[in-house]
Every structure is written in structure tokens, then in C-alpha cells.
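Here are my notes for you, written as numbered points. Keep the structure open next to them and look up each place as you read.

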Amino acid sequence: MRRLVIAIVLALSMLPVSAGDLLVDYYAVRIEVDEARSMHIKENFSVEYNAPVHGFQRDIQYRFPDGTEADLELLWSSSEVQTADNGTYLSIRFGDPDNLIMGGPYAYGIKYDYSLGADRYSDYDEFYYNIVTPGAWDSGIERLGFFVTFPHPVDPERIWLTAGPYGSEMELPFTLSDDGCTVSGRYSSIPEGYGVTLRVEMDDGFFSKAVRPFDTAAFGFWCSISLSAIMLVAVFLVWWFRGRDEKLIYGVRYMPPEGLSAMDAGFVYNGDLENSAVSAMLVYWADKGFVEIEDRGDDDFLFTRLSELPDSTPEAERQLFNAFFQTSHAVDTKGLRKSGFAAKLSSVRNAESRYFSGERSLSSRQSEKLQRLMMGFLLLPVLLHAITATLVFPGFMTLFILVPSLMAYSVLRSASRQVERKMRRGGLKFSYFAFPVFWLVFIWFFMVSALSSVSMSYRRTAIETAVFLLSLFLSMLLAASIERRSAYADEVLSSVMGYREFLERAEKDRIEKLSAEDPEFFYHVLPYAMAMGVEDRWVRAFSGIYVQPARWYHGPDAADIYVLSSFARRWNHAYASSIAPRSAGHGGGARTTRGSSGFSGGGFSGGGGRSW
């Protein structure tokens, strides 16, 4: 074993010490540790400069990724110095910013107190300190010496001195004084990038006066968890007491809602301008004699304009009609795709939203204000989360986490509206959550990766971020649900839902009676069935009932009403997959080292040195 240690020391001495502008001739450290686990440290170092510099800078780290923060106080320096504190390191500069020096050697010295407080282990005490921090010095060290004196004797079998790059477990020899209180070592030729770390394990109570330091990281974790809970509970209470609609009571209606086109009925039912309502308007216009439809097979159709809409037609319907026939009186599926039809739907959607505003608003003004207020309120916990998530490393990290937090707010705000609308008309389906879940996982991974780059508590960071993002989405979903119906909405929605109830039930005796009174009754109702997604049930209801061929529909087997049902599905497919826009806008609606030797760079402090 002795030969192995000698070989290691010889190997270290053969490695190049430094190839840069700075060379540390010697570095001597004396540390006195008291019963409060506070360290009284004196450092002496001699450096040479291979290029013109202002002087030497010693960086002492006092804040660490696991939340540990040491009390650091500079007591003395061998010459006048300038200090700077960036929140993680105290930088001590020797030299004159107005003059350059070169050569050497130049000798420097400092004294400071460094207190870590009690460690975090309940069954033992520990001293874990970087005499030299790996990768923190811009030079190797020709000669290194250290003395660490403890208030009581320590067990030589529980002392580990490691050297090498960060993570190395290569051990160096050390000396323990006769009284068992002082650990020391002298070495030569420590290469640049290498560290030397001393770890000593003691029985619990060794540092009898040590006080456990405030755990900033744990405090930030519980602040964030509490913030997430408060946010979710607050929005839930607002939604429960002020945001829920009373149960809508309606009866079956056998006639379309008065004054509403198929697009209007679909808008009221869906809370937005859906693809099904847009395509239903072709059948609606054809039934009224404004359009003819020719079925060319597959998903290819020709639509011919027979006449203009009357002047009394609402603005949104007129815009949609003009969007279909903006280039010619006859247009086919490919022509619609090339004419930029999809781009026109934004103005149609806005016009339809304007139609259902004011006296015809589907939401009460109070609920609209409350919804906007709660959506705005959720910005506050987003900002607070960015702060609490980075209490250990504030400043730049707060800004760095704030950006994805705001992105989560923006994405989830839009996604929550879409999910809420789908749930309102279609119940709870897991497919509704595919988009928000994708973004939640993406943003979660980004934020955890960013925070974990400066924190060793990966598990805690992952849990805290997941809880926050999930709470934010649920809060957004509840806020989006704060939309009480207006008195007008109760009236018009009850008529729409009552009519849809009739289409879903499709009582045969009632249908036969109405068809006998009006031979084209089937075609009058079909566009409303398409707009509200029940066209298949409507067609099946006419099984065994004669329906005269549609005068406005031409193609193979045009007399078969099942062909019309097929047309509705095929046209919706062609429209949704290649003509309609891809997305719709919103409408009305600590590592533990117990039992191990430790490793180079695993301790506290040390810091680094460089020229400036």
C-alpha cells in the first residue's frame, strides 16, 4: 500500500503544473475548526505571472447548489484589496487596476472566518472541505501544504484525503498529530484542474455548538408547493361559488331555433366556429336554393353558386359565402384549397363572435370580467414560482426560469380554453389532454434540466416543478370554466339543445308525420344535424321512410339519403384535412456520502484563484 501511495505522489509530480499566464509557486492553508463547525482560515500563496496582469484574484465560494450557505467574513489581507460579491462567490483582488505587473514571485495572504453550521446528518457529524477545488484555479500548484486542527481528536480510520479531477477517489497520504487533533499534508506539483478534498467523519455531537443552518432550498421547495396549493384552491373556490352555470333545463323542440342558421346553432352549441358548422352551411344554402353540389367521387366536389344571398343575411354568413365563391361562381375542392379559403375563416369567426355580443352575448358580463381577472391573477403565482424555485441561485436563474414559466402560462391558457370547450360539449376524454400534456412534459423537462444544472436536488426539483405545472393547468382549466351564461344564452342554448335532443331521439312516428307535411323536411334539418354532429343518427332515423331526391345534389345514387350521409362525412374529411386551418381561435366561449470515502471536489468552499 505504501508503495502505491508513493507511486501516486510521483505520478502527480510528473504531470505538467501549468501552461497559462499564472503559476502558483506555493499555497499554504491553516484551518482551525471550533465546536460550532466554524473555520478560522489563514491562506498564504505565492504566484508568478508569465504575461502582464493587474494582479491575483482569490474566489471563495460560500453558496452551494444543495442549498448550503456559509457565513463568510474577511478579517485581514496582506495588502490592500478590492472585493466583489456575486451572490455565490466572494472575490478578493490583489493588485492595481491602473497598473500591470509581470514576473514575480508575488506573495499574498488572507484571513477569514467561514461557518457552515451543523451538517444535515442525524447519526454522525462531518467535515468535508475542498483544500483545492477541482477546475477552479487557472494554474497548477507547485507546492501545497495544509493543516486542519479540530477541537477534539479524530479517528484516523475515518479520514479520507482525495485528489484528482472532480469525482476522483484517488487517495493521498496525510499526517495526524500525536494528539489526534490536526490533519496535515504536504505535496508538490498539483496539476491544473486537479483538486484536493479532505473528509473527516465523527460521532454525532462532535460539533456540540453547531447550529443547523437555514435550508434555503427546502424553504423554496415548500414555498413553491404551498404556492401551487393556494393557487389551485383560490381558483377552485371562485369557480365553485361564482363561476358555475346553473343546470340548463330544456324540452324537446321539433323546429330549428328561430333566427339561427346552421352555423349559428353550431356556434352556440360548440362555443366556437367548428369545421362541421362551416361545411354544414353548404347544405344549408343548397336547401335554400343558393348553391348546387356535384359529387365527383372520393373527396372531390363541385359547388356552384346559383344566386347571391339576400341583403338581410347576417355579416358572418355573408363573409363565409363570399369566401367559398370569391374567385368564381363554381369552385371545387382543389380550387378552395388554392384560393386561400382557410385564411378567410378568421374574419368569419370574428364576425360570428361579434354577432353573439352585446345583447346577444352568450356569457354574462360579470363572468367575463371575473374570468379575465382570474386569468390575470394566475400571472402572480407564475412570477412567484420563478423566484421561489431559484432561492438558492437568484438573479440570472430567476430570469432563466421565468421565461419557460411564462411560456407555460401562455400555452396552458390557450390549451385550457380548448379543453374546457371540448369537455363542455363532449364530456371527459383523455384525447383532449394530449396537447397540454405534451407541453407540460416539454416545459417540465426544460425547467428541471435548468434548475438541476445548479442544484444537486434533482428529485426535489422534479417534484416541485411537476406540482406547479399541473396546478397551473388545473387552475387555468377552472378559470376558463368561469363563464356563466347570460339570460339570452339560457334562452337560445335551451332551444339549440332541445332541437339537438329531437335529432338524437329521432322518433319515427314524429318524423313520418313531419315528412308527410313537408317532403323536403329531411333536407331542411340535415345542415343542423351536421353542425351539431348528429347527421348519422338523423339519416338512420329515415330508414324505411321515402325521401324524394334532393334537387340540389347531383352525382351517383343521388336519390339515396345514405349517399348524402356519406357526402357529409367525406366533405368534412376533405375540408378538415386539406382546407380548414390547422388550429381554431377562440370564439364565444444531497448526495449522502455516509460510509464512503468522499471524492475530490465533493466538499465545501475551496474556491479558486486566477489572474486579472
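**Notes on the sheets, helices and a few residues**

1. Start with a hairpin: β5 and β6 are joined that way, with three residues between them, and Gly 87 in the turn has a positive phi of about 95 degrees. Bear in mind throughout that this is a predicted model. The two strands, β5 (residues 81-85) and β6 (residues 89-95), pair in the antiparallel sense over five bridges. If you want one pair to click on, Thr 83 stands opposite Ile 92 in β6.

2. Now step out from the hairpin. β6 also runs antiparallel to strand β3 (residues 55-61), and seven bridges join these two. Try Ile 60 here: its bridge partner in β6 is Leu 90. Altogether, four strands form an open sheet in the order β5-β6-β3-β19, with antiparallel pairing. The edges belong to β5 and β19 (608-611), and each has a single partner strand, so one side of each is left without a neighbour in the sheet. On average, and ignoring direction, neighbouring strands of this sheet are turned by 20 degrees against each other. A bit of background: strands of a sheet pair through backbone hydrogen bonds, either parallel or antiparallel.

3. There is another open sheet to find, with seven strands in the order β4-β7-β2-β1-β9-β13-β12 and mixed pairing. Its edge strands are β4 (71-77) and β12 (175-176), each pairing on one side only. Inside that order, strand β2 (residues 38-53) and strand β7 (residues 101-115) pair in the antiparallel sense over twelve bridges. Asn 44 stands opposite Gly 109 in β7.

4. While you're around β9, have a look at the loop between β8 (124-132) and β9 (141-149), where Gly 135 lies. Is Gly 135 buried or exposed? Its relative accessible area is 59%, and the cut-off for exposed is over 50%, so Gly 135 counts as exposed. Gly 135 and Pro 165 are 30 residues apart in sequence, yet 7.4 Å apart in space, C-alpha to C-alpha.

5. On to the helices. How many of the nine residues of helix α3 (residues 262-270) are buried? Nine of the nine are, so α3 is largely enclosed by the rest of the structure. Among these buried residues are Met 263, Asp 264 and Phe 267. Just after α3 comes Gly 271, with a positive phi near 80 degrees.

6. Next, see how α3 sits against helix α7 (residues 341-355). Their axes come within 11 Å and cross at roughly 75 degrees, so α3 and α7 are roughly perpendicular to each other. The contact is made by Met 263, Asp 264 and Phe 267 of α3, together with Val 348, Glu 352, Ser 353 and Tyr 355 of α7.

7. A second helix pair is worth a look. The axes of α4 and helix α5 (residues 315-324) come within 11 Å and cross at roughly 90 degrees, which means that α4 and α5 are also roughly perpendicular to each other. From α4, Val 278, Met 281, Leu 282, Tyr 284 and Trp 285 meet Glu 317, Leu 320, Phe 321 and Phe 324 in α5.

8. Finally, stay with α4 (residues 275-287) and find Asp 287. Which side chain of opposite charge is nearest to Asp 287? That is Arg 551, 4.6 Å away, and Asp 287 is buried yet has no salt bridge. The cut-off for a salt bridge is 4 Å. Leaving aside neighbours within four places in sequence, Asp 287 is in contact with Tyr 523, His 524, Arg 551 and Trp 552.

Technical notes. Residues numbered from 1 in each chain as written. Predicted model: local features only at pLDDT ≥ 70, side-chain atom pairs only at ≥ 80, totals over all residues. Heavy atoms only, no water. Buried < 20%, exposed > 50% of the residue type's maximum accessible area, 1.4 Å probe, protein only. Lys, Arg positive; Asp, Glu negative; His and termini not counted. Contact = heavy atoms within 4.5 Å. Pairing = 2+ DSSP bridges. Axes fitted to C-alpha atoms, helices over the stretch in contact; angles between N-to-C directions. Parallel < 35°, antiparallel > 145°, perpendicular 65-115°, else oblique.
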